[in-house]
Amino acid sequence: MERLFKLTQHGTTLTKEFSAGFISYITVVYIIIVNATILAAAGIPLEAGIIATILTSFLGCLIIGFWSNTPILLIPGMGLNAMFTYTIVQSGGFTWQEALAMVFVTGLIFIVIAFTPIAKVITSSIPNSLKEAITIGIGILLILIGFDNAGIITDSEHTLLAIGDLSSPQAITTFIGLIITVLLFVKNIPGNLLLSILITSLLSIWFGGATFEGISLTIPSLQEYIGVFGQLSWAQAGNLVFWLTSISFAMVIVFENIGLIHGHSKLLNRYDGIKKSLQATAISVLSSGILGTSPTVASVESAAGITAGGRTGLTSIVTGLFFLVSILFIPVIKIVPASAVSPILILIGVLMLQNIVHISIDDLTESLPALLIIVLIPLTYSIADGMAIGFVLYPLLKLLMGKGREVHPALYLIALLFVSNFVIQYAF
């Protein structure tokens, strides 16, 4: 273990890595049911979607853990699964088999970028103000997700968001759990986030916000999944829209992962694994199409494991192994309520907001695009869309202010690609 993951060098231990891996798993395990449900709307059978999500998450976590030695989780991404189902299949008129072929194509494009100097050119072209903004925007998104999961914030017909039922068991449990989580974290109690999950879960059951119906072991049928594995269809490969949609999909995946990986590296205070993390993510996206699901991303919730003390790829591998074991315990997954995870997401989001001090407010050509990214990531509920506005506005403002030479040439191309992505989405 020491030779593989350099635990001592990274200031961690087997116990810390295992605990962080388990916390990461508890934080992201919701993706199994949620992703499968969204894929089902595209026509993929629910149980096959569950197995595909589990296997893809297992493989993705192992790839990035061994290849980049970073505690980042690769799981099917929220937003990307919606794009897969609602944009490509339902609106675009493609079958889910053809959509899986598009996922495979995006993986190939991502691999070309990640394993060539293109990746370094892209990352070096992004100014620090935008990089910091992505981290902060993701932090606010985490806070929003945390409150939304607890029912404290809800959708509204008259306003963008509204306050939910603060007297509900979920809301009460989340507020109490947040206080407990902060106290445990500030006092640096060993296994603080894991303790928070356990205590808040018990509180949720006590207040009636969750139920415990016992533990059961079930072995899912693989018959349906066999009909999904490797079922890529190239029937539309001669259609220009097929390739335009694939390129658009690839853009969203590449830039969203660049933003996420930088944000996690910032939180980890370690940048040596960025290149290999991108490469691992690219391979994982390619495998997603083969395994039968929408593309993976460097999950936002990876921050939970990092905050819990995860410092190496062993954290990701432990999480991946838990994903594999969970194929036998789907009913058990539902025991941990959302209100037990919400306080952790809120705390992590608050910690990520601290990076706002690194953005210079005096220069509007730097601060305005950054601030728009910060605001639009949570408002659009999309990291890629929030990034796009800032990445287009930044070079445009610099040009208008006569500071065009301050912009890396690659950033102009990136801005044009984002604009073309919007055109493709709305034109086709």
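This note goes through the packing and the aromatic rings of the predicted model above.

1. Residues are numbered from 1 along each chain as its sequence is written. Because the model is predicted, local features need pLDDT of at least 70 and side-chain atom pairs count only at pLDDT 80 or more, while totals for chains, interfaces and linings use all residues, and side-chain values use heavy atoms, without hydrogens and water.

2. The largest nonpolar core (buried Ala, Val, Leu, Ile, Met, Phe, Trp, Tyr and Cys residues joined through side-chain atoms within 4.5 Å) holds 105 residues, and Phe 84 and Phe 391 have the most contacts inside it. Leaving aside residues up to four places away in sequence, Phe 84 touches (heavy atoms within 4.5 Å) several residues, among them Leu 39, Trp 96 and Phe 249. A second, separate core has nine residues, including Leu 144 and Ile 346.

3. Thr 181 lies in helix α9, residues 169-186 (helices are DSSP runs of H or I, at least four residues, numbered from the N terminus). Thr 181 is buried, with a relative accessible area of 0%, where buried means under 20% with a 1.4 Å probe and protein chains only.

4. Phe 255 and Phe 418 form an aromatic pair (ring centres within 6.5 Å) that is tilted, with planes neither under 30 nor over 60 degrees apart; the centres are 4.9 Å apart and the planes 45 degrees. The pair links distant parts of the chain, since Phe 255 is in helix α12 and Phe 418 in helix α20, 163 residues apart. Phe 255 is buried at 4%, and Phe 418 is buried at 2%.

Technical notes:
Buried < 20%, exposed > 50% of the residue type's maximum accessible area, 1.4 Å probe, protein only. Helix = DSSP H or I, 4+ residues; strand = E, 2+ residues; numbered from the N terminus. Phe/Tyr/Trp six-rings, centres within 6.5 Å; stacked < 30°, edge-to-face > 60°.
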